[in-house]
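Here's a model to pick apart over coffee. Have a look at it, then work through the questions below.

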Amino acid sequence: MKSLGLFTKSLLILLGLFGLTTVVLAVFMAWSIDQDLTSEFRRNGQDIAESIARSSVGLLFNHDPTTVQAMLDERGEGTPGISYILVIDEEGNAIAHTFVPSVPEEIRRLPGNPRKTTFHQIHVEGLGDSIDVCSAILAGQGGYVHVGMDRTSIREMIWGRTQQMVCFVGILFIVSVVLTFILTRKISQPLRRLTDAAQRLASGDTLVRQDNSSLPEWFPVGEGDDEVGELTRAFHRMVKEVTSRENGLKQQFKLLLDSTAEAIYGIDLNGNCIFCNPACAKLLGYESAEHLLGRQTHDLMHHTHADGTP
């Protein structure tokens, strides 16, 4: 199985980081928006509920529910974010409301506090989720005012901001992918050239020229002071040192063969001569060892029997 390249690995890591960042930011943003808008809706609902509670005192004592109903209709239509308004007496009976056709029982049963404004999270069939804000009229002696603040706008705001954040992160991800591609390409190209040079060295190519002072033009050049440049220059030094030692060993081996009076030769797995000394060439009737290299030694040494037959 082929291993993943540097760019693919970097892309997967980048994708994981951006994915995790997007999820964390989305959750945090949703929580932050929900907290801020919920607090704002509570303040607005409290102001409306307390204003209606103060305005309803005289109307309730004068037994004028029609005017109370008109005031609720005006507030409900003129203020965005309100899902319902309900005014009940101290016994829980509805005096005025904006529900059609009747007041849901789950709202009617919500408890009120005569000393302070209370808040409840409630789900009403047909209206969805709401924040119920309940304020007392005359410390509960005149009843309670319930104002429902619709949470739909909060969800829409969260969804809209999340979409904006995802689009922004997506653009940032695309830019990061392009920059990562350029960076990894800049890093991987000299590394790939070093790999090719190492493979050619392993296959037997001579990298250092005969004068042992320079390398071929195709060999990568170490540029810059970064890690890749240092690695390339170190590879240069290693190749020159290894080649120099190899040439030294070859020279010593040649001197040893040339100075030996006995015939010495070597063959490969196919029986071809790969080296021999002058004594061997002379013994076989050749002027130099070059005449034997690459030829079948059996054909050279055992070509005929003593009687001349093959």
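**Loops, sheets and a pocket**

Pro101 sits in the loop that runs between β2 and α3 (105–108). Keep in mind that this is a predicted model.

Q: Which peptide bond is cis, with omega near 0°?
A: Look at the loop between β2 and α3, where Pro101 lies. The bond leading into that proline has omega near 0°, and it's the one from Val100 to Pro101.

Q: What is the strand order in the open sheet of 5 strands?
A: Start from the edges: β2 (94–97) and β3 (118–124) each have a single partner strand, so one side of each is left without a neighbour in the sheet. The pairing is antiparallel, and reading across gives β2-β1-β5-β4-β3.

Q: How many degrees does the twist average from one strand to the next?
A: Stick with the open sheet, the one with 5 strands and antiparallel pairing. From one strand to the next, its twist averages 25°.

Q: At about what angle does helix α2 run to β2?
A: Helix α2 covers residues 65–78 and lies across both β1 (82–88) and β2. Relative to β2, the helix runs at about 35°.

Q: How many bridges join β4 to β5?
A: Strand β4 spans residues 128–137 and β5 spans 143–150, and the two run antiparallel. Ile137 stands opposite Gly143 of β5. The number of bridges joining these strands is 8.

Q: Which residue has a positive phi of about 55° although it is not a glycine?
A: Try the loop between β4 and β5. The non-glycine residue there with a phi of about 55° is Leu138.

Q: Which residue in the turn of the β6–β7 hairpin has a positive phi?
A: Strand β6 (residues 265–267) pairs with β7 in the antiparallel sense over 3 bridges, and Ile267 has Cys273 in β7 as its bridge partner. The hairpin leaves 5 residues between the strands. In that turn, the residue with a phi of about 85° is Gly271.

Q: Is the aromatic pair of Phe18 and Phe173 stacked or edge-to-face?
A: There are 4 aromatic pairs by count. In this one, the rings are 5.4 Å apart centre to centre, with 70° between the planes. Planes over 60 degrees apart put a pair in one class, so this one is edge-to-face.

Q: How many residues apart are Phe18 and Phe173?
A: Phe18 belongs to helix α1 (residues 6–61) and Phe173 to helix α4 (residues 152–202). The pair links distant parts of the chain, and the separation is 155 residues.

Q: Which element supplies the largest share of the lining of the largest pocket?
A: This pocket holds about 360 Å³ of space and is lined by 17 residues, with Lys254, Leu257, Asp258, Cys276 and Ala289 nearest its centre. By type, the lining divides into 10 nonpolar, 1 polar and 6 charged residues. At least two lining residues come from each of α5 (227–258), β7 (273–276) and α6 (278–283). The largest share, 5 residues, comes from α5.

How values were computed: Residues are numbered from 1 along each chain as its sequence is written. This is a predicted model: local features need pLDDT of at least 70, side-chain atom pairs count only at pLDDT 80 or more; totals for chains, interfaces and linings use all residues. Side-chain values use heavy atoms; hydrogens and water are left out. On a 1 Å grid over the protein atoms alone, a cavity is a set of points where a 1.4 Å probe fits but cannot get out, and a pocket is an open set with protein on both sides within 12 Å along at least five of seven lines; lining residues have an atom within 4 Å of a point. Grid points are joined across faces, edges and corners, and a volume is the space filled by probe spheres set on the points. Helices (H or I, at least four residues) and strands (E, at least two) are DSSP runs, numbered from the N terminus. Ala, Val, Leu, Ile, Met, Phe, Trp, Tyr, Cys and Pro count as nonpolar, Asp, Glu, Lys and Arg as charged, and the others, Gly among them, as polar. Two strands pair if DSSP finds at least two bridges between them. Axes are lines fitted to C-alpha atoms, for helices over the stretch in contact, and angles run from 0 to 180 degrees between N-to-C directions. Contact means heavy atoms within 4.5 Å. Rings of Phe, Tyr and Trp (its six-membered ring) pair if their centres lie within 6.5 Å; planes under 30 degrees apart count as stacked, over 60 as edge-to-face and the rest as tilted.
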